[in-house]
Amino acid sequence: MNPIEPASPHAEVRRGLEGVVADKTSISEVDGQRCQLIYRGYHIDELVGRAAYEEVSFLLLQGALPTRAQLAEWTAQLAAATALEPTLLALLQSLPRRAEPMAILRTAISFLGISDDAGDAAEVSLEAIRRKAVRTIALTPAIVAAIGRMRAGEPILPPKAGLGHAANFLYMLLGGEPNRQAVEALDAYFVLLADHGFNASTFTARTVTSTHSDYYSAITAAIGSLKGPLHGAANRKAMEMLTEIGSDEQVEPYVQRTLADHKRFMGFGHRVYKGEDPRAKHLKAIAKRLGEAAGEPKWFTISERLQEAVWRAKKLYINVDFYSASLLHYLGIPTELFTTMFACARMAGWSAHVIEEASDSRLIRPLALYVGPRDLKFVPLDQR
Ligand code: ACO
């Protein structure tokens, strides 16, 4: 069809673009039938617990796992970019302390687009995008930690030399050197959420990139998309749901209430997976271990009861956000920050997709089937 023709009234409308294959990608495969997630050829089961986020972010952006020397250089580049620049710090401190963390993060990333050190924020060459990506992947956890510290009325902590990506985040947010179990748990969380095909936020980033707009605009828009409760904010809503339930005995009444009110169970259901989200079993196992180590298995057991009860009542599978909630809670991360944690992880995937889109792009511009009135005659203002 000629792209400027209006869609035929008989055109099939795929609401939510369900089932539409919008483009090719070699970054990740979301196999809904087999419930598998592949990053650049590696099943996530191969990577989780074995490759750190630094390695996986390199894999997603560069297309292959790094050699030892490449990893050392990549890690050094990330570490060199982690500290908040004074202008960014000043911006964060000027914003209302209680503002929504995702709104602050969106503003901060947008600000990076006008404070790029090299003064080429709008530069769209692949080399420039790669440099911006390193800067943004490194800075996002520092921004999120700063948001958390400011919300708690605590001084902002600079990153600590020698700590990895996940460890440094925990250090900057919570202070004190984090224990190994916590670092491994957060690292696995970051790895598992690093990319996921053409999900809403990634597709948003690619749509912006397809207009030849700049990296920061694409990432800012992606954050806005992730912020919604049907996407990234489901982890936060899932924790609020667990908190509302409060105890094992309240699980069944909660399920019945939710069904009666025709509300959704947050952290359940998925557009693509026809069975359980392949990330969920890993997150569940980690949450269980953290709960046991903390001597506070309650949030895990409520989650498990709820998973079973929702399955019995509605045959719904859990998605990535469900056990992310108890996992992040056990790490001591405040619930309001949960969706920004998702953004920290997804920064690698978004960046890889911006690079892929920019390297071989075609303007993303679907059609709409117009269903409004036609042939109306203009009525002058004083006659309406
Ligand atoms: N709770 C209750 N019912 C649900 C849920 C849920 N979590 N998910 C789907 N359903 C039901 C719907 O009510 C609908 O039933 P109906 O046909 O009787 O009306 C049916 O399943 C299909 O739902 P859709 O909304 O059409 O499915 P879609 O593919 O558009 O939705 C989505 C996928 C948005 C993820 C949905 O499952 C949902 O709202 N889940 C809760 C929010 C959530 O967890 N989001 C995170 C998703 S993963 C991610 O983005 C990281």
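Begin by colouring the two domains separately: 28 residues of domain 1 are in contact with 28 residues of domain 2. The model on screen is a predicted one.

To set up these selections, take residues 28–230 together with 336–359 as domain 1, and residues 234–330 as domain 2, as given by the domain assignment of the chain. Domain 1 is thus built from two segments of the chain. If a centre is placed on the C-alpha atoms of each domain, the two centres lie 25 Å apart.

Next, select the ligand. Where does the ligand lie with respect to domain 1 and domain 2? Both domains give residues to the shell around the ligand, so the ligand lies between them. The space that the ligand takes up is the largest pocket.

Now display the residues that surround the ligand, of which there are 18. The closest are His231, Arg264, Phe265, Gly267 and Arg271. Colouring this shell by class shows nine nonpolar, five polar and four charged residues.

Three polar contacts of the ligand merit individual inspection.

- Select Leu230: a polar backbone atom of this residue is 3.1 Å from a nitrogen atom of the ligand. Leu230 is also the residue at which the 28–230 segment of domain 1 ends.
- Move to Gly267, one of the closest residues. Here a polar backbone atom is 2.8 Å from an oxygen atom of the ligand.
- Finish at Asn319, where the contact comes from the side chain: one of its N or O atoms is 2.9 Å from an oxygen atom of the ligand.

To close, show the surface of the ligand. On its own, the ligand has 900 Å² of accessible area, and the protein covers 66% of this area.

Notes
Residues numbered from 1 in each chain as written. Predicted model: local features only at pLDDT ≥ 70, side-chain atom pairs only at ≥ 80, totals over all residues. Heavy atoms only, no water. Near = heavy atom within 4 Å. Polar contact = N/O pair within 3.5 Å; in protein donor to acceptor, adjacent residues only side chain to side chain. Areas by Shrake-Rupley, 256 points an atom, 1.4 Å probe, with all protein chains shown as cover. 1 Å grid on protein atoms, 1.4 Å probe; cavity = no way out; pocket = protein on both sides within 12 Å on 5 of 7 lines; lining within 4 Å. Sits in = over half its atoms within 2 Å of the grid points. Nonpolar A, V, L, I, M, F, W, Y, C, P; charged D, E, K, R; others polar. Domains from an automatic or database assignment. Contact = heavy atoms within 4.5 Å.
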